[in-house]
Structure formats: structure tokens, C-alpha cells
Amino acid sequence: MQFDIMFIGPATRDINIDYTGQTVREIGGAVYFCTYAARAAGANAFAAVKISSEDHDILDAFELPAGQAALLPAAHTTLMRNTYFTADRERRKAECLAQSGPIELSEIPAADCRLYHLAGLLYGDFPASLITGLHERGMVSADIQGFLRHNEDGQMNFHDWDAKKEFLPYFDFLKTDAAEAEILTGTDDRRQAAQMLYDWGAKEILISHNQEMLVFDGSAFHTCPVKSRNLSGRTGRGDTVFGAYLAQRVRGVPAAEALRFATAAVSLKMESPGPLRASAQDIQAYLAEFYQ
């Protein structure tokens, strides 16, 4: 069987504390939200998940058919605590209470995939040898969070990626949020940042923002507004939009159309906690209602 995308990264056990002090324990991680979004967008997805071998319930939560998921054993499952200070969840403190460790090329299943997505959380998730090795197998995409966010004694601190100009050319698709793009490029102008990342070698860039998603494919900028009616499912925003976008693009949908679909998908997702549990028809209906 050929898969459209293999999502690779650590899943997490999350402790989420909202601005009222209410605590909810959930499964999370970029690999988790991306996989659901890609499936909703019609992709045949495979998930390679770095977790403790004792945490099979996390792998079960992906709800993938047999043969479409693999557990990459870790000494610990990544444990995150997110404290949100506002109702819209835009301001938060993230802490890492345990980290799973690096993913080596030798761990990656020998599945036939067109695109390998590095759905990372923390610096150290992906060694350089994994990037270069996957590049030899097929297309590669990445969430830049996994190269900027450092676990420093449990505190999450962002630092520029010293090796960015060496490795950005390996990425067929790259996702950042607006703050990460500024760390990488030094500018808060999202279009200018996307152009710089393209000039440094990334072939197609998506920059997420709380009001608008932006894509630059080297020839044109494409934007689409976020239209969520509430933000109860804010966690996983960037992962959901990029998972849906990659699913569309790897199947040949033009960038502007793929971005429109992906932004509708994430707008719908943010109205409910957890991953995007919707069909492509649900997303098309949301498009018809809110994006005409």
C-alpha cells in the first residue's frame, strides 16, 4: 500500500489548565492533530509515533486501521503542561515535564510514502541524519517548532535554529507560526518572512496566525481568514491547518484551493476540543456556509 503522508513525531500526554483554573488531561502532540486533519482532508495517512511502549492507549487514540501506525519506543512519553491565561488561549505558558527523546532514521517503518512530515514538538526530536535520510526516500515537510522550541529544565524557550540555512533546502513544505517566523527571519512582516524562508531554500511555506493563514509557493502569496465561531478547540490549530494543507497538496490540489480548504478545516476544528473529527464533506459544508 502506498501512503500519501507519514506523520512522524512524539505524541504527548497534556495537562491543560484554562484561564479559569479548570484542568483537563488529554492526548496531544503535532503528530496526533496532523494525522486526524489529513484523514479528514482525504489523505491515506500513516503515523509513526514516539511514545513509551507502555502507552498503547495513545496509539489506539489515533483510530487508524491496522498497518497504518507504528509505535517508536521511548523511555518516556512526552508530558506537557499548558497553562492558558486568556479565554482565546493565545497567551499560555508551556512546560515540559518529560521528553521522549530523538527519533532515528533506523526507527522509521519501511512504508511506501510520498511525503514524510516531521511533526515535532521540541529541539532534539529530529537529528540531522533523519532529515537527510528521509530526503532520500521522498518529499519532506516540517513544523519549525521542532527546531526552535527548547526544553530547558522544563521551561519552553524559543531560540533561532543555527543550522536553518543548511537544512531548509531539504523541506518541500514548511510550517511556522507568526512568532516563529519572526525568530527565524527577524521580521514581523509575514510576507517578507515567507519570502526569506523561500530564498533560504524551503520550497513552500505556510505561516499560521490567529486571524489569517498565509502560504507562499515561490510564485504567489495566498491568504485565507480564520472564521471560527468560538475557540474552545484552540489547541492544535497550527497542526490541523498544516495536516489538512499537506493532504490536499500531496494529492495535487493547487496551493490557493488547498489553503482555503485547510483554513475551513481548522476553523471548524477550533469550535470543538480535541482533534478534527470531521469528514471532507463536513469541511465542504463549512466552506459553503462561511467562505462564499
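User: How many disulfides does the count come to here?

Analyst: Zero. Keep in mind that this is a predicted model. A disulfide needs two cysteine sulfur atoms within 2.5 Å, and for Cys96 the nearest cysteine sulfur, in Cys34, is 18 Å away.

User: What makes Cys224 too far for a bond?

Analyst: Compare its distance with the cut-off. The closest cysteine sulfur to that of Cys224 belongs to Cys34, at 18 Å. The limit is 2.5 Å, so Cys224 is too far away for a bond.

User: Why is Cys96 called buried?

Analyst: Buried means under 20% relative accessible area. Cys96 has 4%, so the word fits. Cys224 passes the test too, with a relative accessibility of 6%.

User: Which residues of strand E15 are on its covered face?

Analyst: His222 and Cys224 are on the covered face, while Phe221, Thr223 and Pro225 make up the uncovered one. Here is the background: side chains in a regular strand alternate between the two faces of the sheet.

User: How do you know that E14 and E15 pair?

Analyst: Pairing takes at least two bridges. E14 and E15 have five, in the antiparallel sense, so they count as paired. One of the bridges joins Glu212 to Pro225. The two strands form a hairpin with four residues between them.

User: Why are the buried residues of helix H10 said to be on the same side?

Analyst: The buried residues are Ile283, Tyr286, Leu287 and Phe290. They cover an arc of only 105 degrees around the axis, which puts them on the same side of H10. Gln281 and Glu289, on the other side, are exposed. Helices H1 and H9 are among what covers the buried residues.

Methods. Residues are numbered from 1 along each chain as its sequence is written. This is a predicted model: local features need pLDDT of at least 70, side-chain atom pairs count only at pLDDT 80 or more; totals for chains, interfaces and linings use all residues. Side-chain values use heavy atoms; hydrogens and water are left out. Buried means under 20% relative accessible area, exposed over 50%, partly exposed in between (1.4 Å probe, protein chains only). The arc is that of the directions from the helix axis to the C-beta atoms. Contact means heavy atoms within 4.5 Å.
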